[in-house]
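User: I am new to this structure. Please take a close look at the site around the ligand, and then point out a few local features elsewhere in the chain.

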Amino acid sequence: MSTAILSALPEEQSSLVQHLAHPQRLMHAGRAFWRGELHGHPVVLALSGIGKVAAATTATALVEHFGVARIVFTGVAGGVGEGVNVGDVVVAQDYIQHDMDASPLFPRWEVPGYARSRFACDAALSALLSGAARAYLASAGGQLGLKTTGDQVVALPAPRVHEGLVASGDRFVCAASEALHLHGTLQAAGHAVLAVEMEGAAVAQVCHDYGRPFAAVRTISDRADDTAHVDFPAFVRTVATRYAEHILLGFMQKLSN
Ligand code: SAH
């Protein structure tokens, strides 16, 4: 059975499409899907769209229409945890919807009907993603740790791989005060969030419903602060696309079935 690789942004998907053997483009639910093989494994590549509803629709189509066995997400996110910096990688252990609030009927962040606020990722798939991310950062470490400004080469801290909780919601978080508030209120309730994005929790919930393993890797594109929108486009074009390509190819190489 196929593995679905879901990307949030077209730039990330296009680098993977170039590696597809026997590529076949199909339209479904107004979306383009690519079927083919990566490292001999059948895959379906899809764009999630932006936000929770678009991502849930795409994930549902992947399960119902394409019959995929598992879904892996690759994208970018804003770092909100301490020490989660631009250029780092976060592999999600579980997901929470930071904008879910049916209180006082249900506890804050609990998804009504599920008796839980967090949806876990598959441990085995996540371990493969972490391994692939570590291997890529180690191999590219020398280049990633240097930045050229004018004729000066500046050393940057080496990028790191983090594993933990990621929060999704239908907001591009781009104010330091908002990022601080979001992180602080969740932390006070025992939810130590590393990063914020707009799709993963929705896909995690769909995978929970269908009993499909799910894992996600996010490259940190910004710190969800007042300059988040400035850093974002150039980072996606240059750094994040390369990360997605190398980490996902490394992951597919290690996948056993
Ligand atoms: N520039 C894009 C829009 C990107 S929206 C376009 O024009 O199409 C931001 C995307 O990056 C979402 O997919 C989201 O999951 C992720 N993301 C990165 N940083 C984020 C942040 N600070 N807050 C929320 N989502 C963020």
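Analyst: What follows starts at the ligand and then moves to other parts of the fold.

Keep in mind that this is a predicted model.

Start with the shell. The ligand is surrounded by 17 residues. Val 173, Met 198, Glu 199, Arg 218 and Asp 222 are the closest of them. What classes do the shell residues belong to? Ten are nonpolar, two are polar and five are charged.

Now the polar contacts. Three residues can be taken in turn: Val 173, Arg 218 and Asp 222. Val 173 uses its backbone: an N or O atom there lies 2.9 Å from a nitrogen atom of the ligand. Arg 218 uses its side chain, where an N or O atom is 3.2 Å from an oxygen atom of the ligand. Asp 222 also offers a side-chain N or O atom, 2.8 Å from a nitrogen atom of the ligand.

How much of the ligand does the protein cover? On its own, the ligand has 570 Å² of accessible area, and the protein covers 77% of that. The ligand takes up the space of the second largest pocket. Which elements give two or more residues to the shell? They are strand 5 (70-79), strand 11 (193-197) and strand 12 (214-222).

Next, the aromatic rings. Searching the whole structure gives four aromatic pairs. One of them joins Phe 33 and Phe 66. This pair is tilted, with 35° between the planes and 4.6 Å from centre to centre. Where do the two residues sit? Phe 33 belongs to strand 3 (residues 31-38). Phe 66 is in the loop between helix 2 (52-64) and strand 5. The pair therefore ties together parts that are 33 residues apart in sequence. Strand 5 has come up before: it is among the elements that give two or more residues to the ligand shell.

Two backbone details remain, and each is in a loop. Ser 103 and Pro 104 are joined by a cis peptide bond, with omega about 5°. Pro 104 is located in the loop between strand 6 (89-97) and strand 7 (118-120). Ala 29 has a phi near 55°. That is a positive value in a residue other than glycine. Ala 29 is placed in the loop between strand 2 (21-28) and strand 3. Strand 3 is also the element that holds Phe 33 of the tilted pair.

Key:
Residues numbered from 1 in each chain as written. Predicted model: local features only at pLDDT ≥ 70, side-chain atom pairs only at ≥ 80, totals over all residues. Heavy atoms only, no water. Near = heavy atom within 4 Å. Polar contact = N/O pair within 3.5 Å; in protein donor to acceptor, adjacent residues only side chain to side chain. Areas by Shrake-Rupley, 256 points an atom, 1.4 Å probe, with all protein chains shown as cover. 1 Å grid on protein atoms, 1.4 Å probe; cavity = no way out; pocket = protein on both sides within 12 Å on 5 of 7 lines; lining within 4 Å. Sits in = over half its atoms within 2 Å of the grid points. Helix = DSSP H or I, 4+ residues; strand = E, 2+ residues; numbered from the N terminus. Nonpolar A, V, L, I, M, F, W, Y, C, P; charged D, E, K, R; others polar. Phe/Tyr/Trp six-rings, centres within 6.5 Å; stacked < 30°, edge-to-face > 60°.
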